[in-house]
Amino acid sequence: MKKEYKGLFHNIGIFTLANFTSRFLNFLILPLYTYYLSTEEYGTIDLVNTLIQLLFPVFSITIVDAVLRYSISDKESLDDCFGIGIRIIGIGCIPLVTGGIIVNYFIRNNVFVICFILIYIVQAFNSLFSAFAKAINKTKQMALITTVTSLAILSLNVLFVAFFKKGIIGYWISTILGNFIGIFLYVPLCRIDKHFQTLKNPVNKLLAKKMVTYSLPLIPNALFWWLNSSLDRWTLTLITSMSLVGLYSCANKLPSVLTTINTIFSQAWNLSLFQSRNDNERKVFFEETYQIYNEVMFCCTIGIIWLCKFAATFMFSKDFYQAWVYVPVLTFGVYINSLNSFLGSMFTAGNQTKIIFSTTLVGSIINLVLNFPLVFLCQGMGAAVATLISYDVVWIMRVYKIKCKFNIDINWKSTIIKKIILLCECIIVIMGTLSIVVSAFVISYCSIFCIKNLKLLIKTIKK
């Protein structure tokens, strides 16, 4: 197993470089956004971002996942995989532009529509190039490009939002220019231009059919994950106000620390799992890694919930401070969703994408049913609770399915105990009582965790 863990740690190091810098800088620049943008403007930006996340899997038919999967498993067809990805992303831009023209006829806002279309296009191609760079073992270059792209976007944001006072338009211009810089850098650093020659050749229809067959079931899965993670904002928009949407979106930035850890690990883990060939080794690798990963995420979760109110005092400016009350429940939800993501990786590696779709579908339906009544009764807190419950249902289903399909045993009792602890901590922190008890527990648990799991990790790697 040493080889698997060596590869996993190597991938984690690369994706940490690729993600941590950008996410950390995004986290640090939050006070600038909350100072120069109103709660309504911040809410509008977040809704536009979630709308792009909705359209991307539809217009791209999630071909980026297939490009990564088949470029790794079929090295002889690298150029064909890349060419198919380019063509499908390009074709997907046609209905996007057409829809933009139609929408602009009604809203009469050329700048908004043009910015929206350009943001989609640059992010779509950036995503494709990033996936292909991983497949051709250019992960270090990809990490550097991702870091430079993020630095460019943030620097441009300071220029356009803070210096030129361009507000939302300045934010969008920064996003477009920063992503374009990233796309350009893939040419000299990853020599991705060499693979464009495949566009002159006929399409490999057999490979295209395999890739589309693989990616199509991921479309509804992506849509339902979008529903689970974004429905709350749209429900708040319909029932409450754009100002509350801004507060809720701001509150999501603190749990994004946990999301960053999950993103870094998931990218490294999925790549390592795809590279693992032996099913028995994959099973043991999965069980041992899940145990350690669960402990790490739990430790981070209790820490963020414990410190959220204190962090909000200097992260959230002006009217945004009151958003801290949503952070505990949102962070709890991110913890469960991270476990769902980990469990889903096994279904993806085993070509069981239909299970990912079915479990996500059930979670989305529950979220849809609960969101409207809970938002009506409890506004922002209701939205957070509805999303949390839907994530938990998905976790229960995936634990059951993974036992049936792969005979993998997940220590669900331990996870349930962790959930009860987090529920109690959320209530105590929000109510503002027993802070000394919570502090003592968090410090004690984290200390025990570090000692216990460091030994477990060393023991596992030595096997």
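Phe372 is partly exposed, with a relative accessible area of 33%, and this residue is found in helix α15. The model discussed here is predicted. Phe372 also belongs to a nonpolar patch on the surface, whereas Ser174 in helix α8 is buried.

**The nonpolar surface patch**

- The patch is formed by Leu238, Ile239, Leu368, Phe372, Phe376 and Leu377, which together have about 650 Å² of accessible area.
- Two elements, α10 (218–239) and α15 (353–378), each give two or more residues to this patch.
- Helix α15 makes the greatest contribution to the patch, with 4 residues.
- Phe372 counts as partly exposed because its relative accessible area of 33% lies between the 20% limit for buried and the 50% limit for exposed residues.

**A buried position: Ser174**

- Ser174 is located in helix α8, which covers residues 167–190.
- The relative accessible area of Ser174 is 0%, so the residue falls under the 20% limit and counts as buried.
- Apart from its neighbours within four places in sequence, Ser174 is in contact with Ile153, Leu156, Asn157 and Phe160.

**The protein chain as a whole**

- The protein chain contains 18 helices and 0 strands.
- Of its 463 residues, 52% count as buried.
- Among contacts in the protein chain with a separation of 6 or more, 85% are between residues 24 or more positions apart.
- The protein chain exposes about 20,900 Å², and carbon and sulfur atoms supply 68% of this area.

Note on methods
Residues numbered from 1 in each chain as written. Predicted model: local features only at pLDDT ≥ 70, side-chain atom pairs only at ≥ 80, totals over all residues. Heavy atoms only, no water. Patch = residues over 30% accessible without salt bridge, like charges linked within 9 Å, V, L, I, M, F, W, Y side chains within 5 Å. Areas by Shrake-Rupley, 256 points an atom, 1.4 Å probe, with all protein chains shown as cover. Salt bridge = Lys/Arg side-chain N within 4 Å of Asp/Glu carboxyl O. Buried < 20%, exposed > 50% of the residue type's maximum accessible area, 1.4 Å probe, protein only. Contact = heavy atoms within 4.5 Å.
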